[in-house]
Amino acid sequence: MTEVYPEFSNKNERSENDLFLPFTYEEILKKIGKDKSRLVDLIVPVTQFEKQIIQVVLDIENAGYLLFLYGVSGVGKSTFISSLKFQKHIPIQSIVSIDASELDYENKSDIKLKQLLKQIKKEARDFFSENNQSNDKLCIVIDYLENLNDEDNNNVKAFFRDLNGLLRKYPILIIWPVTVREDLENMQEFAKSFSSTMFHRIRPAINFTGPPLDEYPNIAKKTIMFFNEGKSCYEFQLTDNDLENLKKGYEKKAQEKHLIRDYLKDIRSLWEERTDYISGIVKNVPKPTEVWFIFSYPEAEDIVARFAKQTPDIINEMWNADYKSLFVYISDNNQRKADWKPQRLTLALSSRMLTTKIMYLPTNALVSCIAAYAKDAEIPIPKEDLLNRDKYNILQHWCIKSNAKKTLSTTSLYLQLSGVSITGGKRKSGRVEKGLKNATPAFEKINKDISDKKISDQKFNKAVCLALQDVFNNSEHNLDFVAEKPHPHLTNIRPDILVDTNDKLVCLEFCYTNNKTPGNMADYVLRKLNQYMKQLKDNFEIPKDLLS
């Protein structure tokens, strides 16, 4: 089952950067609406208690059972019960909940327990009129009636007497959640005064203690992702270490009862504390900075997909670097582990100080920009060499600026700068494959020129910059492109191309390489990011515990 226990924020409006965590089952239902099937995405099995339910259900033959589910408030009883219907290994065909707080009364003498029994009978009759197989099992849950203190004792006795008769007639399981042990014991005494057979001989009640403590971090991750549009905990400045350390704190308090609700509240508090701390620092940063790492070798699209989020429906998060994918290449390297503490990486990838994207620019788009704008960028390559089969072997129509701009305007780089949503998934047309193949010789020669120090990569960056300026010229987007100019706020940072928008600075960093391994991509990104983080620390006096 699931143990997600969340409580909505009291704010009527939430920023897209706010972490949302509900703390009650009712708030979960309010968020997901009537479609309870969505709860399956939150399920973390609590096998210990599922086995106990199965044991009771399997022993139901001609007569049913009443099963009290005892557990303190916030331990997860309601979520556990709801999860049973999604567990195919549990032999229950249908689960029906009766909300005792909403039972209608025809008159004052029509007491709640009488109405409750009437509703239970109706659900049983309806179910068995449609299901005649002996293995068809119905579970009825009595919600929002956790004690009978306000009921007349005679009415309580009459209710359990009639309920016992009903259970002898219908092979159903009635689950009754109770929060206070004294209430449980009182109701058990009333029921046993008529018949002990209405209870399972081994399991008259389940003492539900919620999910195992070891599952708390996993539950937290699922809850965050489910209620925050697919965002991971890392995008809220929360690391695996944070979740584990909170769990270890609970382990040290072994004598105290642990509630998943309290664990999620502690996560929310940690997030609030951390983001308030960071927001104070951000106020000193004139404009937020984003770093977009651009790879252009023919296989780059596949490799980038391992490191970047593919969320076309959320344009500002498309291509955002994935924490877990990069952290794999940190944990296996001692030097990187020294540089990249988990909290530092989350700040580098997704924070109001810095956001990191990893993207690809198709090889043919890069080559075409370089060929068409080579003269303007003062790249020392004669046009005849660009077209020469034994040198660059560039197709002649790629050297025409209008064609280069047309190709550039279809790329994810252009669309992301334009704020246009794109379709996720790999491009699969034969035309795409042909374009990449045609551009490969030129790309390899460009890389060789750079590695042999024959031509500086700055010249190639300038050609791409000119192409971007041209393709955005006279557009509705107010973007300013400059190549190889210092970052205005970060000393010693000189992006390949700096894009100044109305609300942020985008640093485009192009990696010219033929190394197609994921490790090389991760190494390049982490090395460059390290420089940015050091400059943030030096320029804005950010505390060591955050950025060192």
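**Figure 1. Contacts between helix 14 and helix 16: N364, A365, S368, C369 and A372 in helix 14 meet K401, A404, T407 and L408 in helix 16.** Contact means heavy atoms within 4.5 Å. The model is predicted, with local features requiring pLDDT of at least 70 and side-chain atom pairs counted only at pLDDT 80 or more, while totals for chains, interfaces and linings use all residues. Residues are numbered from 1 along each chain as its sequence is written, and side-chain values use heavy atoms, with hydrogens and water left out. Helices (H or I, at least four residues) and strands (E, at least two) are DSSP runs, numbered from the N terminus. Helix 14 covers residues 363–372 and helix 16 covers residues 401–408; the two pack at an angle of about 150 degrees, and their axes are 9 Å apart. Axes are lines fitted to C-alpha atoms, for helices over the stretch in contact, and angles run from 0 to 180 degrees between N-to-C directions. Helix 14 and helix 16 are therefore roughly antiparallel (over 145 degrees; under 35 is roughly parallel, 65 to 115 roughly perpendicular and the rest oblique). The crossing of helix 14 and helix 16 is left-handed, the near helix being turned anticlockwise from the far one by less than a right angle; clockwise would make a crossing right-handed.

**Figure 2. Helix 7 and helix 8 form a right-handed crossing.** Helix 7 (residues 216–227) and helix 8 (residues 240–252) cross at roughly 135 degrees, and their axes come within 9 Å. Helix 7 is therefore oblique to helix 8. From helix 7, Y216, P217 and K221 meet D240, L243, E244, K247 and Y250 of helix 8.

**Figure 3. Strands in the order 2-3-4-1-5 form an open sheet of five with parallel pairing.** Two strands pair if DSSP finds at least two bridges between them. The edges are strand 2 and strand 5 (205–207), each with a single partner strand, so one side of each lacks a neighbour in the sheet. On average, neighbouring strands of this sheet are turned by 20 degrees against each other, direction ignored. Helix 2 (residues 47–58) packs on the sheet, where it touches strand 1 (65–70), strand 4 and strand 5; the direction of helix 2 makes about 175 degrees with that of strand 5. Helix 4 (residues 112–130) also packs on the sheet and touches strand 2, strand 3 and strand 4, its direction making about 160 degrees with that of strand 3.

**Figure 4. Strand 3 (residues 138–143) is mostly covered, with six of its six residues buried.** Buried means under 20% relative accessible area, exposed over 50% and partly exposed in between (1.4 Å probe, protein chains only). L138, I140 and I142 lie on one side of the strand and C139, V141 and D143 on the other, and both faces are covered. Strand 2 (residues 94–99) runs parallel to strand 3 and is joined to it by six bridges. S94 has L138 as its bridge partner in strand 3, and I95 stands opposite C139. The parallel pairing of strand 3 with strand 4 (residues 172–178) has four bridges, and I140 is partnered there by I174. From strand 3 the chain passes through helix 5 (residues 153–169) to strand 4 in a right-handed β-α-β crossover: with the strands pointing away from the viewer, the path from the first strand over the helix to the second runs clockwise.

**Figure 5. A second view of sheet pairing shows an open, mixed sheet of five strands in the order 7-6-10-9-8.** Strand 7 (354–360) and strand 8 (480–483) are at the edges with a single partner strand each, so one side of each has no neighbour in the sheet. The average turn between neighbouring strands of this sheet is 20 degrees, direction ignored. Strand 6 (residues 289–295) pairs with strand 7 in the parallel sense over seven bridges, and F295 stands opposite Y360 of strand 7.

**Figure 6. Helix 13 (residues 342–349) has eight of its eight residues buried, so the rest of the structure largely encloses it.** The buried residues of helix 13 are P342, Q343, R344, L345, T346, L347, A348 and L349. For the chain, buried residues make up 53% of the 548 residues. The chain has 21 helices and ten strands. Of the contacts in the chain with a separation of 6 or more, 74% are between residues 24 or more positions apart.
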